[in-house]
There are 2 protein chains.
Amino acid sequence: MTQNTETTSYKDIKRTVLRRIRSGEWQPDTLLPNEQDLAVEFSCTRTTVNRALRELADEGFLERRRKAGTRVLSAPHRQARFTIPLVRDEVEALGGTYRYALVSQQFLPAPEWLSARLALQTGQAAMHVRCMHYSGNTPFQFEDRWIVVDSVPQVKDADFSALGPNDWLVQTVPFTNVELTFLASRADASAAGFLDLPEGEPVFTAERITWLQDKPVTFAKMYFAAGYRMTTQF
Amino acid sequence: MTQNTETTSYKDIKRTVLRRIRSGEWQPDTLLPNEQDLAVEFSCTRTTVNRALRELADEGFLERRRKAGTRVLSAPHRQARFTIPLVRDEVEALGGTYRYALVSQQFLPAPEWLSARLALQTGQAAMHVRCMHYSGNTPFQFEDRWIVVDSVPQVKDADFSALGPNDWLVQTVPFTNVELTFLASRADASAAGFLDLPEGEPVFTAERITWLQDKPVTFAKMYFAAGYRMTTQF
DNA sequence: ATTGAGTTAAAGTCTACACAAATTGGAAAT
DNA sequence: ATTTCCAATTTGTGTAGACTTTAACTCAAT
């Protein structure tokens, strides 16, 4: 491997700047030297410094303003990134064998709460799908999903007995907007039954609404098995 | 071709590419034209195309590999970004008036579960702080935090009656690593009391562990009030 | 004091080019 | 049929320089 001496890449600069921030050399609110000066210090072009600082700002460490310069941001403005994995990937990442099972699938007029939530006409047709995701024989996630028939007419001919509704949707309809919500909910009778836990138990829950342009496509509520934790490091 | 010749910024390219993905013109798994060809199409340099595609890849829309090219990612591999706000900011963003209250503050040897979790010596000294965050007079969050004295000796003289431990830590110690976990837990007697909800109720909970280099600094468990939802759109 | 206009420093972006690094796909060797 | 190796392609990153946009600052006029 070729160790290029003295080449300062934007990654080196990022590392160095981060180190100075973390060591306290550049405290929060400190104004950094301008790009040109840093370019001289690191003996590279301003372009390279620019990229390094731009990315650090993007990652929430710095704040940059034209003419005002670049300053160190107080820590807690940071952002966290979570990967939203497919259930299958998540199960397999944990060393399990993924298994899917359809629970029920039927046409229904959209219930009132759903119509309100997705801004549907009252009584618009919807496909209601409930299914389970297992890791081996252990329940992993119970999914309760509504698909708006007007937005996805093909769903009338869909069969979710082998292919999960999420996979089917991904293959079938593109989407433009997603709203993802996490909350702690209480296991109702059916979720408790499928996830094999006592009714009323706290359940980590994700709600996902997907739109295609302005048209709501699907609303999904996913109940995770007991003990589920969503973790990220940064 | 209604290609506008006035502006060919990387933002225009991002917009156009996104539109093509969303319109279905470039379905998931589609291989995009290479940078050089796109540069010709947009009549700009490859550098500009590179920046546009790089950012889109960063945002989770594309996957790029040398020699293999750039392809559209199937949707669910996407990442979601959550801003981790300060409680104060969150309360104020919801239109409330933030209020802080210290519940208790005392030195204790770290309990076993904490020593295990943070890889401490058994019986290492710790500062245990419990406090409340209110929106007006409505409970918003109950915080239960441990601070490792060895890592933050100044904590011996800290007074958390006016300034919250998180704000104090941010001002006092830098940190290098954070692990953030979300889960649904069951309100124990004290959390239930402070948050004004029945014992055993599901509570959306965040755990945050912070390190300085290899040294664990603090472990915080934050219990949110009933009905709390963490939402993101993308 | 307050307002307003001009100056100017700093970041933002683009061009044009060069070389580096990865990795695919195929040819050659086994 | 399989493995090894090479070349071609594509993205990754850097240099050098120019022009643009924003907004902090200054100073004069109200």
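Which side chains meet in a salt bridge at 2.7 Å, N to O? In this predicted model, the side chains are those of A:R20 and A:E41. A salt bridge here means a side-chain nitrogen of Lys or Arg within 4 Å of a carboxyl oxygen of Asp or Glu. The pair ties together distant parts of the chain, with A:R20 in helix 1 of chain A, A:E41 in helix 2 (residues 35-41) of chain A, and the two positions 21 residues apart in numbering. Helices (H or I, at least four residues) and strands (E, at least two) are DSSP runs, numbered from the N terminus. Over all chains, the structure holds 26 salt bridges.

A quick word on bookkeeping. Residues are numbered from 1 along each chain as its sequence is written, while chains are lettered from A and ligands numbered from 1 in the order in which they are written. Since the model is predicted, local features need pLDDT of at least 70, side-chain atom pairs count only at pLDDT 80 or more, and totals for chains, interfaces and linings use all residues; side-chain values use heavy atoms, with hydrogens and water left out.

Now to the DNA, beginning with strand C. There are 23 residues around DNA strand C, and A:R46, A:R64, A:R66, B:S9 and B:R65 come nearest. A residue counts as near a molecule or strand if one of its heavy atoms lies within 4 Å of it. Of the atoms of DNA strand C that come within 4 Å of the protein, sugar and phosphate make up 70%. B:R65 puts a polar side-chain atom 2.7 Å from a phosphate oxygen of this strand, and A:T70 has a side-chain N or O atom 3.3 Å from a phosphate oxygen. B:R46 goes for a base instead: a polar side-chain atom of B:R46 lies 3.4 Å from a base nitrogen of DNA strand C.

Both protein chains feed this surface. Helix 3 (46-58), strand 1 (62-65) and strand 2 (69-72) of chain A, along with helix 1 (10-23) and helix 3 (46-58) of chain B, each supply at least two residues. Helix 3 of chain B gives the most, with four residues. By class, the surface near DNA strand C has two nonpolar, nine polar and twelve charged residues. In this scheme Ala, Val, Leu, Ile, Met, Phe, Trp, Tyr, Cys and Pro count as nonpolar, Asp, Glu, Lys and Arg as charged, and the others, Gly among them, as polar.

Over at DNA strand D, there are 23 residues around the strand, and A:S9, A:T48, B:R46, B:R64 and B:R66 come nearest. Sugar and phosphate account for 72% of the strand D atoms that come within 4 Å of the protein. A:T45 has a side-chain N or O atom 3.0 Å from a phosphate oxygen of DNA strand D, and a polar side-chain atom of A:K11 lies 3.5 Å from a phosphate oxygen. The side chain of A:R66 has an N or O atom 3.2 Å from a sugar or linking oxygen of DNA strand D. Helix 1 (10-23) and helix 3 of chain A, together with helix 3, strand 1 (62-65) and strand 2 (69-72) of chain B, each give two or more residues to the surface near DNA strand D. The largest share, four residues, comes from helix 3 of chain A. This surface divides into three nonpolar, eight polar and twelve charged residues.

Strands 1 and 2 of chain B deserve a look of their own. They run antiparallel and are joined by four bridges (strands pair if DSSP finds at least two bridges between them). B:L62 stands opposite B:V72 in strand 2. The two strands form a hairpin with three residues between them, and B:K67 in the turn has a positive phi of about 70°.

Finally, the protein-protein interface. The contact (heavy atoms within 4.5 Å) takes 44 residues from chain B and 46 residues from chain A. Four salt bridges are counted between the two chains; in one of them B:R229 pairs with A:E207, with the closest N and O atoms 2.5 Å apart. On the side of chain B that touches chain A, strand 7 of chain B gives the most, with ten residues. Strand 7 (residues 177-186) of chain A and strand 10 of chain B pair in the antiparallel sense over five bridges, and A:L180 has B:T232 as its bridge partner in strand 10 of chain B.

How values were computed: Polar contact = N/O pair within 3.5 Å; in protein donor to acceptor, adjacent residues only side chain to side chain.
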